[in-house]
Amino acid sequence: MIVLLPLLLAFSFASPTTPTIAELNELLDSLRETHAPDSRIELWDVQVHAAQGALQVRGNLSSQKTFDAVQQALEKQYPGVVNQLVLLPEKETGTIVNALVNNSVIHLRREPSSTKELVTQVLLGTPVRILKTERGKSLIQVPDGYIGWVNTAEVQRVNQQELTAYKESEKVIYTVQAGRSYSDPDVESLPVSDLVIGNIVCKVSQQAGFTQVLYPDGRRGWVESRELVSADAIFHQTTVQDSLVQTALKFHGIPYLWGGTSSKNIDCSGLICNVYFMNGMLLPRDANMQAMIGRELTTDFVSDALEPGDLLFFGRKASAEAEEKVTHVAMYIGGGEYIHSAGYRERVSINSMDSTQPNFIESYPAMFVRAVRIVGEPYEGFRPTAENAFYNEIIRSGE
């Protein structure tokens, strides 16, 4: 017994202890901060429960990497805790994409209610991932990583065979600020739906200046051919300055809307995302995300050395008292001017960096954080659209 006592004591100290709820929550908070710090792009729905004399961890996660990290940490530190976490979606289709957007524009909200905060919009034909569905609402993830709730009827579920058929179909993209598709090749016929710049549909046939298109849910409509461009021209084009400016100007006058990314209503970073998407590049969704990519050019509010397509960020510079805070983004278009969507005039407008010009905004120099260049810079934090995991699932081999 004298010999066994040290061994028993050593074993008791080496055995994992049963955590308190506070200790378990502390571990989970640490895991969230490390593996899922940004709720905009990763779901962390995790709770601790006490049941039948044991602690349980329940909830949902959207990332395999995060799911594995939590599982390993619990097994290592608190193996007595019952892990009931679910990795979404529960029924895998074999691909990251399991649905397509079926309306010209759909709204992603923070919670499953049409009265809750609008976090972003997504356009017709966009490949998405349904994470879960409940009571007529679906939680989805979109190509830029954003997660939000939509009306289930606005997304068309696709199985592997249907996704393959969509991928191999010839696709076209709508290039006009706003318009319609029609039931016949005639603008006087019954409209099928509205369309906005960036909408993706499949091409069926052509007739008398019109193109027949196919929607994800099987609807068909006729669109004036001059308003469409082959998806090849968008997905695989080289992003150039002049094209960025031409695209941006199409949005001039569009009303401002927090969370908007379409030519119906749009916010500052939504404008930048849409302009770059139509020029073959997928950028992060929000201004503070966009401020972390590309190459910094200057922290002074001057047009020297700026080129069209460069991004201008506003907010608050870092100081000894406070961290940097980026709240707004604009795109330089040349001649000392930039285009942006802001509450300044509640619409997309063009303003000048020259204080002698009537469209100069007096408050902007003090709010300026930095200018950044995307065009021609290494792909760090942004990629060509064709290299995005979601879009790669719908771009056909010949595109």
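The second largest pocket of this predicted model has a volume of about 230 Å³. A pocket here is an open set of points on a 1 Å grid over the protein atoms alone, with protein on both sides within 12 Å along at least five of seven lines, whereas a cavity is a set of points where a 1.4 Å probe fits but cannot get out. Lining residues have an atom within 4 Å of a point, grid points are joined across faces, edges and corners, and a volume is the space filled by probe spheres set on the points. The second largest pocket is lined by Ile41, Pro143, Asp144, Leu282, Leu283, Pro284, Met289, Gly381, Phe382, Arg383, Glu387 and Asn388. Sorted by class, this lining holds 7 nonpolar, 2 polar and 3 charged residues; Ala, Val, Leu, Ile, Met, Phe, Trp, Tyr, Cys and Pro count as nonpolar, Asp, Glu, Lys and Arg as charged, and the others, Gly among them, as polar.

A few conventions help in following the rest. Residues are numbered from 1 along each chain as its sequence is written, and side-chain values use heavy atoms, with hydrogens and water left out. In this predicted model, local features need pLDDT of at least 70 and side-chain atom pairs count only at pLDDT 80 or more, while totals for chains, interfaces and linings use all residues.

The confidence picture comes next. pLDDT, the predictor's confidence in each residue on a scale from 0 to 100, averages 93 over the protein, and 95% of the residues score at least 70. Residues 1–15 stay under 50, and the model gives them 0 contacts beyond four places in sequence, a contact being heavy atoms within 4.5 Å. Where pLDDT is low, the predicted coordinates should not be read in detail.

The largest pocket holds about 330 Å³ of space. Of its 17 lining residues, Trp258, Asp267, Ser269, Asp286 and Ala287 lie nearest the centre. Two or more lining residues come from each of α7, α8 (287–290) and β21 (325–334); helices (H or I, at least four residues) and strands (E, at least two) are DSSP runs, numbered from the N terminus. By class, the lining of the largest pocket divides into 7 nonpolar, 4 polar and 6 charged residues.

Enclosed space is found too, with 1 cavity of 30 Å³ or more in the structure. The largest cavity takes in about 300 Å³. Its lining counts 20 residues, and Gln121, Asp144, Thr261, Leu282 and Tyr391 are the closest to its centre. The elements β6 (118–123), α7 (268–277) and β18 (281–282) each give two or more residues to this lining. Its residues comprise 11 nonpolar, 7 polar and 2 charged. Asp144 and Leu282 thus appear in the lining of the largest cavity and also in that of the second largest pocket.

Helix α7 also belongs to the surroundings of an open antiparallel sheet, whose 6 strands follow the order β19-β24-β20-β21-β22-β23. Strands pair if DSSP finds at least two bridges between them. At the edges stand β19 (295–298) and β23 (347–352), each with a single partner strand, so one side of each is left without a neighbour in the sheet. Neighbouring strands are turned by 35° against each other on average, direction ignored; axes are lines fitted to C-alpha atoms, for helices over the stretch in contact, and angles run from 0 to 180 degrees between N-to-C directions. Strands β20 (residues 311–316) and β24 (residues 368–373) run antiparallel and are joined by 4 bridges, with Phe314 opposite Phe368 in β24. Helix α7 lies across β20, β21, β22 and β23 at about 45° to β21, while helix α6 (residues 241–249) lies across β21, β22 (337–342) and β23 at about 110° to β21.

A further open sheet has 3 strands in the order β1-β2-β3, with mixed pairing. Here β1 (44–51) and β3 (82–87) are the edge strands, and each has a single partner, so one side of each lacks a neighbour in the sheet. Strand β2 (residues 54–61) runs parallel to β3 and is joined to it by 6 bridges; Arg58 stands opposite Gln84 in β3. Helix α3 (residues 64–77) packs on this sheet, touching β1, β2 and β3, and its direction makes about 175° with that of β3. Helix α2 (residues 21–35) lies across β1 and β2, at about 165° to β1.

Two backbone details round off the description. Leu88 and Pro89 are joined by a cis peptide bond with omega of about -5°, and Pro89 sits in the loop between β3 and β4 (99–101). Arg135, in the loop between β7 (127–134) and β8 (137–141), has a positive phi of about 50° although it is not a glycine. Most residues other than glycine have a negative phi, and most peptide bonds are trans.
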